[in-house]
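Student: I would like to go through the terms used for this model and see what each one rests on.
Tutor: Then take them one at a time, value against cut-off.

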Amino acid sequence: MDYEFSLPFTVSNVLAVATAILAMRWPTSARVMLGATFIGASVVNSYFAFTDPQIYIGFGELTASRLYQSIILGPFSAHAQRYILLIAVCQLFIGVFTCYTGKMMKAAMIGAITFLIAIAPLGLGSAFPSTLIMASAYAILLFKKIDFNIYELVRHKVRYSRQ
């Protein structure tokens, strides 16, 4: 493993395992972690989309998938900023709506599972297998009974802590 990737790889996988465990035992905490992870990824990807979008072309060399490699080195590289911004917007929606309830939350969770499985073939570039572990955490949450909006819970706690 390349030294440049070893710390992010380790941290990503440890956090993914922790999130999967939280999803089973404390789903609210898992939702907060997963939501924050996707919102954070959106911010980071947006930053690099504007400052150095070509950095993502290196993922083409990290993947074992010839299909992914041809997409990254082909159409993606020709319009990297647009693709990265599209991904960042989707990540933002997933992150925000993971903490909601109902159909929007379910859609965000299905979107997250799809996205996380889709980027798994990037290998080291996606800190594999962390993406599959996080997809598992989302799958666990998808089948849990969740009937409250985390934003409402926080607003309620803030309101009553001021009294």
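Student: What makes helix α4 and helix α5 roughly perpendicular to each other?
Tutor: The axes of α4 (residues 66-78) and α5 (residues 80-98) cross at roughly 90 degrees and come within 5 Å. Roughly perpendicular covers 65 to 115 degrees, against under 35 for roughly parallel, over 145 for roughly antiparallel and oblique for the rest, so the label applies to α4 and α5. This is a predicted model, where local features need pLDDT of at least 70 and side-chain atom pairs pLDDT 80 or more, while totals for chains, interfaces and linings use all residues. Residues are numbered from 1 along each chain as its sequence is written, and side-chain values use heavy atoms, without hydrogens and water.

Student: Which residues of α4 and α5 meet?
Tutor: On the α4 side they are P75, F76, S77 and A78, and on the α5 side A80, Y83 and I84, where contact means heavy atoms within 4.5 Å. Six residues of this contact are nonpolar, one is polar and none is charged.

Student: Why is S126 called buried?
Tutor: S126 has 9% relative accessibility, and buried means under 20% relative accessible area, exposed over 50%, and partly exposed in between (1.4 Å probe, protein chains only); therefore S126 counts as buried. S126 is in the loop between α6 and α7 (130-142), and its side chain reaches the backbone oxygen of I119 at 3.1 Å.

Student: Why is A107 called partly exposed?
Tutor: A107, in helix α6 (residues 102-119), has a relative accessible area of 46%, so A107 is partly exposed.

Conventions. Axes fitted to C-alpha atoms, helices over the stretch in contact; angles between N-to-C directions. Helix = DSSP H or I, 4+ residues; strand = E, 2+ residues; numbered from the N terminus. Nonpolar A, V, L, I, M, F, W, Y, C, P; charged D, E, K, R; others polar. Polar contact = N/O pair within 3.5 Å; in protein donor to acceptor, adjacent residues only side chain to side chain.
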